[in-house]
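Student: I have a two-part model open and would like to work through it by question and answer. Where should we start?

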Amino acid sequence: MRYIPNSPEERDEMLAVVGLNSADELFRSIPSGVQLNRALKITEPLAESEVIAAMEAMAAKNTAATKTSFLGAGVYSHFSPTIVDHLIQRSEFFTSYTPYQPEISQGTLQYIFEFQTLVCQLTGMEVANASMYDGSTAMAEAYLMAQRVTRRNKIVVATSVHPEYREVARTYTQHGEAEIVSIPFDEQTGRVADLSALDDKTAALVVQSPNFLGCVEDLTALADAAHAVGALFVVVVTEAISFGLLKSPGACGADIVVGEGQSWGVPMGFGGPHVGLFATQEKFVRQMPGRLCGVAYDKNGNRGFVLTLSTREQHIRREKATSNICTNQGLIALAATIYMETMGKKGLQEVAMQNAQKAAYAAKQIAGIDGFEITFSSPKFNEFVVRGPVSAIEILENVRTHNNIIGGLALSKYYTGRDNDFLVCVTETNTREQIDALVTALSGL
Amino acid sequence: MSITKVTQHPTQNEGLIFERSHGGRIGYRLPKLDVPVTDDILPAELRRDDDLDGVPEVSEVDVVRHFTRISTWNYSIDLGMYPLGSCTMKYNSRLNEKVARIGGFAGLHPLAPAEETQGALELIYRLQEDLCEITGLAGISLQPAAGAQGEMTGVMLIRAFLDQRDGEASKDRRVMLIPDSAHGTNPASAAVAGFSVKTIRSTAEGLTNMDHLHELCNEGGVAGLMLTNPNTVGIFETNIREICDTIHAAGGLVYMDGANMNALVGIARPGDMGVDVIHLNLHKTFSTPHGGGGPGCGPCLCSAELAPFLPTPRVEAETRPVRSVPQASYRLNYDYPHSIGRVKAFFGNFGMMVRALSYIYTHGAEGLKEATEAAVLNARYVSNKLSETYDKPYESDCMHEAIFSHKKQSKKGVVTLDIAKRLIDYGFHPMTVYFPLVVEGAMLIEPTESVGRADLDAFIEAMINIDREAQENPQLVIDAPHSTRIGRLDEATAARKPVLRWRTDMEATAKSA
């Protein structure tokens, strides 16, 4: 096995040093009754070239990867500068462990500190952690944190929050005290409308903006409504590119911002690994889940960084920890950091504007097709719902088989009674030619 | 040991990117906007008005130098032995990185139609099959994002099973037994599933105390046991069958923390030991990179009895004849009404699954067994060679990791942390320190199979030298490390007055410091 440095002779010499005659004797403490005593029924070892061929053969069956696509819904196709993937492949980054030994982990710690800072700047919040698994688990953790902070248990969540996020949050909270109340969106605007569920038992109002239907919520008004009953206002963001254009949740009064950072230079990768964002106000920092990196000095006054406030975490607090999470998404947070820094202030603004402009153009063109309309009237960022003349599944299937375009996501996957609606996402990677091709395809149905 | 440092060295003094920023610098170029511009695209009250204040402006060269410089401040597996016990820091192959980046995987949207994602579903299915064979368990979900989430999923399966089996009476069965040597995530995950924790004592031999186990089972209410095997002191729980039988007789189920599977792959299977549910860490046993703290991937495997409760969707295969030739196709099945639900959006950390399957293909059955043997032999070798220099708290043969304590050095005022920091001066990453908690001043050393004899000997020699220094010149060890860019950091002050982000006034403080 080429990954094992020792030769058979060296192995035998080492066995002799520890007083054994064969490798089998290493396992004497395992009762023979539970030893396998046969070869595993898996493949013979493959050569490097054979592994590549097997993987390429499987990858080739993923025909969606090379098609023109207007899928979004929590995972977005954006261009990632070449240096992002190049830099994260430095051994020093990808083959290192969690930075528990700060003297030889300053590279990792410094980028985490930069990541935390950038997340704060973009979300408009005071503190951010070193990242969570993804947006969905970050939202589940926000539910739990809101319960801890307010000592209340009712979570009021909009149905226009990503349906898979809501499923995950339900899983996380099913054995606790949380009472989850769903509130609908307005049929005309697509925004959260009915806030009558908010009361003095409410721990948090949870909304997504831009929401799952692509609509930008009036966060300031929602924040006021949540605060009026003493609840925390939790904002979920699945499209991180939107921060470059939209008023930050922090500026609108959010208490916790959670989200998904995949759009910041991370490949779609069939849904993961991505990177969860978690930001809040300074006064809540000791209730936060996950790792935090902070400034520290050595005895000579040199500035460095360490993982800090770890008394919140499972390795110290065990069952009383703020979360069971142990890892962060280190390398993916690094990719996001490199992306944000490479794009910089101007790039993050320009890419956000391009997304909004291209989506607006596409929406306008589609709205002009006979039988098609844009379902919701609220302002949008880079996604919008289209209502077709027949079932969305049928429309999308047609466009896919006849025009080789994945035209969007049929909302019937997640919502009942919305058979003709589909969600279209347009990013800076969609050219005008592609948008026009989609419009032509829809027109030709 | 003193080195004259070049204090102005640019690589050693790289600041924060915010301190490098200069208005007007550009690091990107987008294609020209190719659609007609819509004016007033959003109402002003919904738009940002802070001009992204504080976000850096740097060139591409600035970014590349910045990250290349700070990367050199990290230790990494590719530099040398990374003997962190319980972490399994094995070689991360470039092949795995390459295949995970194939366009058909990396560029694939998770919500694309299943007909057009067959290769990804096939890969998940194949990995599921192999992991089931390796663990001897029938059910699997690759959805959990990391070990702690795999654990949470595992104990939630136990909870769902008991709720269904016992109905109302399940509420009287909420005790999770956890050894005192367990990872902190175990009790934290149990708490998420609504269990309370009772701690099982270990014996002087480092094994589960069977008398105490029986006693706790007799107290009743036992939902299950969370056990690491080999346990966190690196010893195989020889009584594993009896332990499982005892828990089962008490009406509970056994969850095994798979953190230490690198000692077992190809040799013994948890399913054959009586374990009901386990999580694996693909980032440990199956070599997906630790990435400086993530991403991980924590598949949860279970017995057929628990399988109905696994998260959905499940990836399944069906074989149908296509022009009379049987052909496999893969599908996502959401129809499991007793499922605990989703634990993560989409299908888990797919990119890690590609790497893990590449690892399995490269090793094959024989290579996986060889890796296990090499990992255990390396740890045994270290255990043997250091047994006269460092206190060995347990006599039993170790599996894939060797444990010592600072007992012999602490008399001179040199404690585990000092030994760990001094190892840095010898060019090694420290071992895991102060874990497990049952050994005072614990040093847990897991070489993995990726270290050759020459490097092991160098490590052993360094450990012996440090002991000599501790006896002859303890201050040298206490003040370590001496060779790093930065000395030991004042973590207490950092926690008392946390500074968790850069602000404009920080630059001045940094320069004056």
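Tutor: Start with a term: axes are lines fitted to C-alpha atoms, for helices over the stretch in contact, and angles run from 0 to 180 degrees between N-to-C directions. Keep in mind that this is a predicted model.

Student: How are helix 2 of chain A and helix 5 of chain B oriented to each other?

Tutor: Helix 2 covers residues 48–60 of chain A, and helix 5 covers residues 118–135 of chain B. Their axes are 6 Å apart and make an angle of about 130°. Angles over 145 degrees count as roughly antiparallel and 65 to 115 as roughly perpendicular, with the rest beyond the parallel range taken as oblique. The two helices are therefore oblique.

Student: Which residues of helix 5 of chain B are met by helix 2 of chain A?

Tutor: Helix 2 of chain A contributes A:M58, A:A59 and A:A60. By class, this contact has four nonpolar, one polar and one charged residues. On the side of helix 5 of chain B, the residues met are B:G119, B:E122 and B:L123.

Student: Which helix gives the most to the side of chain A that touches chain B?

Tutor: In total, 162 residues of chain A are in contact with 169 residues of chain B. The chain A side is made up of 79 nonpolar, 53 polar and 30 charged residues. With 22 residues, the helix that gives the most is helix 10, residues 330–367 of chain A.

Student: Is A:R151 buried or exposed?

Tutor: A:R151 sits in the loop between helix 6 (135–150) and strand 3 (154–158) of chain A. Its phi is near 55°, a positive value in a residue other than glycine. The cut-off for exposed is 12 or fewer C-beta neighbours within 10 Å. A:R151 has 7, so the residue counts as exposed.

Student: And B:S287, buried or exposed?

Tutor: B:S287 also has a positive phi, near 65°, and is not glycine. This serine lies in the loop between strand 6 and strand 7 of chain B. Because B:S287 has 28 C-beta neighbours inside 10 Å, the residue counts as buried.

Student: Which residue does a cis peptide bond join to B:G294?

Tutor: The bond has an omega of about 0°. The partner lies in the loop between strand 6 (277–279) and strand 7 (300–302) of chain B. That residue is B:P295.

Student: Which residue is joined to B:A480 by a cis peptide bond?

Tutor: Here too omega is about 0°. The loop concerned runs between helix 15 (474–478) and helix 16 (491–496) of chain B. The residue joined to B:A480 is B:P481.

Definitions and conventions
Residues numbered from 1 in each chain as written. Chains lettered and ligands numbered in written order. Predicted model: local features only at pLDDT ≥ 70, side-chain atom pairs only at ≥ 80, totals over all residues. Helix = DSSP H or I, 4+ residues; strand = E, 2+ residues; numbered from the N terminus. Parallel < 35°, antiparallel > 145°, perpendicular 65-115°, else oblique. Contact = placed C-beta atoms within 7 Å. Nonpolar A, V, L, I, M, F, W, Y, C, P; charged D, E, K, R; others polar. Buried ≥ 20, exposed ≤ 12 C-beta atoms within 10 Å, placed from the backbone.
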